[in-house]
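Below are some notes for a colleague who is coming to this structure without earlier acquaintance. Please read them with the model open beside the text.

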Amino acid sequence: MLLSAILLPVILAPFAYFFDRQAKYFSLAAGIFVTLIGAVMWLNYPGHGFAFEQNIPILPQWDFNLHLGVDALAIALITLTGIIAILVTLSSWNVERPGAYFFLILVFLGAMVGVFASLNYLWFFIFWEFTLVPMFFHIGIWGAENRIYAAVKFFLYTHLASIFIFLAMLIIYIKTGHFDFVAIKQANIPIDLQKVIWALAFIGFIVKMPVVPFHTWLPDAHVQAPSPISVILAGLLLKMGAYGLLRWNIELFPQASKHFIYLMLGIGLLTVFHAAFKALYEDHVKRMVAYSSINHMGLVLVAIATLTAAGISAAIYEMVAHALIISLMFMIAGYIHHITGTWYISEIGGGFLRRFPFIGVLYMLGALGALGFPGTAGFIGEVTAIYAAFDKFGWIALALPFSAVLTAGFFFWAIRRMLHGEISGLVAKLHPHPLPLVERIPLMAYVALFVLLGIVPSILFSFVNGYAQTLGKILGG
Amino acid sequence: MNCVVFSGILTLAFGGLLVPIIANLFRLSREWLLNLFMVVFLIAGVLFIYGFTHGHPLYPNLFTTDAASLLLTVFVWFTGAVVLVTIYNTLKEVENLPEILGVYAISLAGAIMTLYANNFVSLLVAMELMTIPSYYLIMARLNAITVEAATKYFFNGALATGFFLFGILVVYAITGDLQFAAINKIFHATDTFGMLFFAFGFIAILSAIGFKMSFAPYHFYAPDVYTGAPASVAAYLAGITKSAVAIPVIRLFFEALSFQKEDWAILFAVLAVLTMTIGNLLALAQQSVARILAYSSIAHAGYILVGFAAAASGLAVTGIVYQAVAYILMKAGAFLIVTLLIYYYGIKTREELRGFGKVNPFMAFVFTVLLLSLAGVPPTAGFIAKVYLFQAAVDANMAWLAFVGLLNSAFAVAYYLWIIKEMYLEEPKGVERPKDTSFLIPTVAIGLLALLSVVFGIWVTPIVNASLAFTQLLPF
């Protein structure tokens, strides 16, 4: 089942390339297929451990086997991958050169499922590295004016970071003789070496997440990427970093993780505030969203740093919430640029909401989600994360609500300057821009999903609870 | 050597000798010339594959047969055939094409023979059989540049042969034997003076091998020769001959010097770091695509040296063999694409490649796959080779070497990616499509090399099993 979710998109990819006009349907079909697989696994998941395992031996004596298996965390993220793939396809319905575009989307989709489903470190790394290739072309070909710089920077930066994961993986193999998750977990690695491995892989994962001080590739990549690709970057690629940290560092080396709690907390807090202040200062519509995205990932790292069941389920919830909310914001920022022809809030002036109510209202809804307004998934994510952090770290965690205030600050200020007020000269001159239905659907779907998750958070919480409890118990004991 | 394989080598060599004569005697057309050579290659290939399971050993004192050399034979043969097709397609108008192809087949026979050598004399003979015809190949098109390249290659090659002979002399003087394994006797028998004497001989042999495999500080000729020669010949020189030498060198160092592993590990580690860094840094500064590939081939020699430095690990041999196989496919493939770029489009530099992805999507795609494999991006053979090599380095307690190597390969991505960037992300400027579609056959052939380098990035079993069988023959 998992193998088909990896292979089907990859097999469809060449067809998409050669049948230019039908490419989007292939992509849509693959997205629906992955979502369905995710849903089926979600409903049939037994509640603990790895399920739906598949082991395809390639070279058993080297432990190079395509060992697939998922738990609650992976199922949640695979389902998210499928949903985002569908919505991204709909948003890219009228893209230029659809054959090549959807070819890359499909290849990326297969690799993405592979990242979340691999229980073999080497295969995980293969999928992990391969995701860079389609993203490089997406940003570089379909991106904005400074796209080539952003694409090359994105590839080199994250590839350089990956060598630390690579080295960690090699050390694990030499010490245990295994790439397999289950086997490594049972192996007995001295604690000092565990710490070295942990630290090496940590560097690789936090660059992808990204957190301060390794975040500088993200604003460039996001701003230059076309909006649907920004959605993939924010919604899926960043999740890889947090997923890798949870699966291959914390779950694998619970003992070593405890030595790095305050490192993670420190980096997390630094990220939260650095990104919030940077966003406050930002005049660029999309760059502001990018910093807000970094801000959220900092919160995820703080939640992970608690190493408690509550913190980890909050982190997973926040990951999903962030994917839905920030994706919407990136799409809207892209549309605002498309309509006005400028990236800068100060140039747009005011009165955007009155001329373009649909886009404007969605921007406000997304901003409310991002700043954690009750009723949205952002609220639940932030509250649970702050609660977990307070429970563990005490008063230090009370700094976090201030970052929420800052987030509220820059978004409300942007809304005030851009959406409300007198209609500026620039906005007055703009032509009406009716969005086709097919592009409205994904936007409304993001809102529906994060409001649904905000009102009924138990959908996700009850599902990942078992995972978080088990992990929390291991980490606590 | 296996007698079936040996007859395959003879087929290639005598085919190379006779086909040009037949072609000139009967005034065969160019198409028939290629067809005849294809028949020769086909017969040789059948024999090579038949030799996997059949045949009895021949000249056991000079040659040995093992899984790694049999495997490499097939890759050298297949890639050699692709090179042949490309040489034919891009040197069609050269008058002495029959002789060029004949000499090429003889040289390839030498390359395959090199794989089996386990004696200093047979190694010397096989390497000379491989190298001497290549001086002529470099001058396939006679002009000032190719003559310069050939002269450079000739003088360096002659010097290397001289050094090699001096090394052999020393070994023979001390041991009275020319088998690789005989060197071990040195460590039992000789006094301090003998060891010092041997050290000179060892350095002489290392220098000769350094020339053949182009690692620092013997790399200076490589960029000039590989860019001066016709690119299809450079594909043969850089892609095939360098990997072919790696296998007997494994045998030499692992068998002959097994007593002194720790001593020469550090020497190889230093050479590896030097070679990788020099190759990658200079490649970054290049404009010409062929020159980038030439410097990257130096860097790849450095990765192989990582394997020699990590000889204490059981994974090292697998790493070197995997790298040799992957390297044949991707480096020869990349140089062959450069051949087609120069021949059909007149593209030589990175900038001229702008927008090539739109001009010829298929060729650009094949080139991209080969470059990604060279860069070590998964899932390609180049990636698996790096996993094995650096794993061996970690295993041999040289994690620092693995880190330096990884850092190097991460920086190397920059120049490969830069070529890809020029092809796909920039707009084309004035490159015209060729008038006919004759580029299609060589491109498809090179596409097969690219396909194989992806296949062996996932299906690692045959290469690893062959190298494990090979490893068991070596003393550990």
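1. In which helix of chain B is the place of S373(B)? In this predicted model, S373(B) belongs to helix α15 of chain B, which covers residues 361-375.

2. Is S373(B) buried or exposed? With a relative accessible area of 0%, S373(B) counts as buried, because that value falls under the 20% cut-off. Leaving aside residues up to four places away in sequence, S373(B) touches M330(B), T380(B), A381(B), G382(B), F383(B) and S453(B). For one of these, G382(B), a particular atom can be named, since the side chain of S373(B) reaches the backbone nitrogen of G382(B) at 3.5 Å.

3. Turning to chain A, the domain assignment divides this chain into domain 1, residues 1-130, and domain 2, residues 131-476. The centres of domain 1 and domain 2 of chain A, taken over C-alpha atoms, are separated by 21 Å. Between the two, 49 residues of domain 1 of chain A are in contact with 64 residues of domain 2 of chain A.

4. Where does the second largest pocket lie with respect to these domains? Both domain 1 and domain 2 of chain A give residues to its lining, and the pocket therefore lies between them. Its volume is about 820 Å³, and of the 35 residues that line it, W142(A), P226(A), S227(A), P228(A) and H338(A) are the closest to its centre.

5. The lining of this second largest pocket can also be described by element and by class. In chain A, α6 (132-142), α10 (217-224), α11 (227-251) and α15 (309-340) each supply at least two residues, and the largest share, five residues, comes from α15(A). By class, the lining of the second largest pocket divides into 15 nonpolar, eleven polar and nine charged residues.

6. A search of the whole structure finds eight cavities of 30 Å³ or more, and the largest cavity has a volume of about 90 Å³. The largest cavity is lined by 13 residues, of which H159(A), F166(A), G376(B), L406(B) and S409(B) lie nearest its centre. Two or more lining residues are given by each of α5 (121-130) and α7 (147-176) of chain A, and by each of α16 (381-395) and α17 (399-424) of chain B.

7. Which element gives the largest share of the lining of the largest cavity? That element is α7(A), which contributes four residues. Sorted by class, the lining of the largest cavity has seven nonpolar, four polar and two charged residues.

Technical notes
Residues are numbered from 1 along each chain as its sequence is written. Chains are lettered from A and ligands numbered from 1 in the order in which they are written. This is a predicted model: local features need pLDDT of at least 70, side-chain atom pairs count only at pLDDT 80 or more; totals for chains, interfaces and linings use all residues. Side-chain values use heavy atoms; hydrogens and water are left out. Buried means under 20% relative accessible area, exposed over 50%, partly exposed in between (1.4 Å probe, protein chains only). A polar contact is a pair of N or O atoms within 3.5 Å; within protein, one must be able to donate a hydrogen and the other to accept it, and residues adjacent in sequence count only if both atoms are side-chain atoms. Contact means heavy atoms within 4.5 Å. On a 1 Å grid over the protein atoms alone, a cavity is a set of points where a 1.4 Å probe fits but cannot get out, and a pocket is an open set with protein on both sides within 12 Å along at least five of seven lines; lining residues have an atom within 4 Å of a point. Grid points are joined across faces, edges and corners, and a volume is the space filled by probe spheres set on the points. Ala, Val, Leu, Ile, Met, Phe, Trp, Tyr, Cys and Pro count as nonpolar, Asp, Glu, Lys and Arg as charged, and the others, Gly among them, as polar. Domain bounds come from an automatic or database domain assignment.
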